[in-house]
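Reader: Please show me the model, and then take me through how its interior is packed.

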Amino acid sequence: MAFRLNNGASREAFDWKCKMLSLNAKLGILAAGLMLSGCMQATTFEATSQTNFKPRDKELLAKVSYVKTPVAEPFRRAIVEYHRKEAPGSIVVDSDNHYLYFVQDGGKAIRYGITVGEEAMAWSGIAKVGSMTEWPPWHPTKSEISRLGVPTFVAPGPDNPMGSRALYLYSGGKDTLFRIHGTNQPEYIGASISSGCIRMTNEDVIDLYNRVKMGTIVVVLEPKHGDSPFNSQMALQGGGNAIQ
């Protein structure tokens with residue numbers, strides 16, 4: 001009799017433990033879901049809009065001959081939480097992770113995917129936007145002419161490698177010869193293949209151009225010093241955030 005009582009008590013204790021474990025597991029899943037939901041809510045995706053495009057933008061973008069390859073999801077434009085201390089209105093370039101941030105108020109930033117220079121051609125430092133041009137011509141450097149076999153001048157247009165906009169970076173009052181500009185090779189956003197300049201899709205660089213001013217501070221982080229909260233290599237394997 002005592003044996004049956006103890007056995008029943010043991011079963012009740014076992015059943016109670018199982019129920020508690022099940023409850024804890026459900027609570028854990030719920031907590032994880034809430035955390036994931038919080039992370040998702042921290043990102044606001046932005047689709048490309050032609051609202052701020054000028055008539056010339058619409059005309060020339062309709063004439064491009066390059067393939068408008070969709071940008072890989074991790075590098076599409078988004079508003080994200082921003083953890084660094086740069087002042088709102090400044091630009092931060094994280095070459096390691098292929099992101100450009102336009103810092104906003106309230107711990108937010110607009111994040112754009114970019115193409116950056118190969119390591120040997122990369123530039124880093126603090127500069128200012130010293131000049132801004134819509135649909136710029138391209139004046140290749142002597143090094144680019146020699147290395148790439150390009151002409152000495154390429155007129156503005158839909159297939160110009162400078163794209164739809166250019167922000168010229170100055171340091172100490174002098175042109176650094178590095179630019180933030182558009183591209184006719186959107187398939188390389190998220191890669192390191194350019195001659196050192198910072199490329200964006202033509203649509204994204206128009207968006208950025210409309211937000212910045214002459215004298216805007218541009219911080220280009222040193223190679224191997226990128227500290228983006230979103231790692232692009234991990235994102236390409238299935239993580240990260242995307243703009244629809």
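What follows is a short exchange about one strand and its surroundings.

Author: This is a predicted model, in which local features need pLDDT of at least 70, side-chain atom pairs count only at pLDDT 80 or more, and totals for chains, interfaces and linings use all residues. Residues are numbered from 1 along each chain as its sequence is written, and side-chain values use heavy atoms, with hydrogens and water left out.

Reader: Is β4 enclosed or not, and how many of its residues are buried?

Author: Strands here are DSSP runs of E with at least two residues, helices runs of H or I with at least four, both numbered from the N terminus. Buried means under 20% relative accessible area (1.4 Å probe, protein chains only). β4 is largely enclosed by the rest of the structure, because the buried count is five of five.

Reader: Which residues of β4 point the other way from Y99, Y101 and V103?

Author: In a regular strand the side chains alternate between the two faces of the sheet. Y99, Y101 and V103 share one direction, and opposite them are L100 and F102.

Reader: Which residue of β5 is the bridge partner of F102?

Author: Two strands pair if DSSP finds at least two bridges between them. β4 and β5 are antiparallel, with five bridges. Within this pairing, F102 is bridged to I110.

Reader: In the hairpin of β3 and β4, which residue takes a positive phi near 65 degrees?

Author: β3 and β4 run antiparallel and are joined by four bridges. Four residues lie between the strands, and the one with that phi is H98.

Terms used
Buried means under 20% relative accessible area, exposed over 50%, partly exposed in between (1.4 Å probe, protein chains only).
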